[in-house]
Amino acid sequence: MANKLQQKITVCTSLYDMANYLLPEIKIKQTPVMDLLKSCPVSNLDFINEQMIKYKTPAITPLSAEENEAIGRFVYSFGKYDVNNQIAQIEEFKQYVFGLKCKYEELYKTKSRLYIVTGVSFGIIVSLALV
């Protein structure tokens with residue numbers, strides 16, 4: 001369970017870093033969408049593909065279905081508006097992903113300790129039962 005939360009945090013961090021990469025590219029260079037996403041140096045973005053840009057499909061990540069829908073909507077709408085609207089959309093997406101990241105980090109802090117204590121306790125009980 002702690003690993004799943006860690007994976008969610010990693011996806012959120014990657015999406016946030018991607019948004020930070022996209023902002024100056026949109027503001028200054030105005031690079032085409034596919035070239036921009038292919039040249040993105042952020043790792044762990046294998047779930048973003050050409051299919052998501054052409055068709056409104058949700059992302060396939062460890063996040064919830066609603067969050068995957070939001071990612072899919074962002075990727076689908078990326079590059080379809082003028083520069084100012086695109087910048088506003090990226091800023092809004094950054095805030096959304098940052099909120100998700102904070103939520104999952106808080107869950108990880110509270111739940112990971114519980115999972116570790118439960119696992120260790122169960123291991124001690126099983127080892128005492130075998131002795």
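This report walks through the fold, the core, a salt bridge and a few surface features of one protein chain.

What you're looking at is a predicted model: local features need pLDDT of at least 70, side-chain atom pairs count only at pLDDT 80 or more, and totals for chains, interfaces and linings use all residues. Residues are numbered from 1 along each chain as its sequence is written, and side-chain values use heavy atoms, with hydrogens and water left out.

**Overall fold**

The protein has five helices and zero strands, where helices (H or I, at least four residues) and strands (E, at least two) are DSSP runs numbered from the N terminus. Read from that end, the elements go α-α-α-α-α. The C-alpha trace spans about 70 × 25 × 25 Å along its principal axes. The radius of gyration is 19 Å, while a compact globule of 131 residues would come in near 14 Å; that value is taken over C-alpha atoms, and the globule rule is 2.2 Å times the number of residues to the power 0.38.

Buried residues account for 37% of the 131. Buried here means under 20% relative accessible area, exposed means over 50%, and partly exposed sits in between (1.4 Å probe, protein chains only). About 8300 Å² of the protein is exposed, with carbon and sulfur atoms supplying 57% of that; these areas come from the Shrake-Rupley method with a 1.4 Å probe, and for residues only the protein chains shown count as cover.

**The core**

Now for the inside. A nonpolar core is a set of buried Ala, Val, Leu, Ile, Met, Phe, Trp, Tyr and Cys residues joined through side-chain atoms within 4.5 Å. The largest one has 33 residues, and Leu-15, Met-18 and Ile-71 touch the most other members. Helices H1 (2–29), H2 (33–38), H3 (50–54), H4 (65–77) and H5 (83–130) each chip in at least two residues, and H1 gives the largest share, 11 residues.

Take Met-18: leaving out residues up to four places away in sequence, it touches Leu-37, Cys-40, Val-42, Leu-45, Ile-48, Phe-74 and Phe-93. A contact means heavy atoms within 4.5 Å.

**Links across the chain**

Which residue forms a salt bridge with Glu-67? The partner is Lys-103, with the closest N and O atoms 3.2 Å apart. It's the one salt bridge in the structure, the term being a side-chain nitrogen of Lys or Arg within 4 Å of a carboxyl oxygen of Asp or Glu. The pair ties helix H5, home of Lys-103, to helix H4, home of Glu-67, across 36 residues. Lys-103 is partly exposed at 39% relative accessible area, whereas Glu-67 is buried at 5%.

Two more pairs bring separated parts of the sequence together:

| Pair | Sequence separation | C-alpha to C-alpha |
|---|---|---|
| Lys-56 and Tyr-76 | 20 residues | 5.6 Å |
| Ile-9 and Glu-105 | 96 residues | 6.6 Å |

Lys-56 is found in the loop between H3 and H4 and is exposed, at 56% relative accessible area. Besides Tyr-76, it touches Arg-73, not counting residues up to four places away. Ile-9, in helix H1, is buried at 8%. Outside its neighbours within four places, Ile-9 contacts Tyr-104, Glu-105 and Tyr-108.

**A nonpolar patch**

Finally, the surface: Ile-116, Val-120, Ile-124 and Leu-128 make a nonpolar patch of about 400 Å². Patches are made of residues with over 30% relative accessible area and no salt bridge; like charges are joined within 9 Å, and nonpolar side chains (Val, Leu, Ile, Met, Phe, Trp, Tyr) within 5 Å. Val-120 lies in helix H5 and is partly exposed, at 48% relative accessibility.
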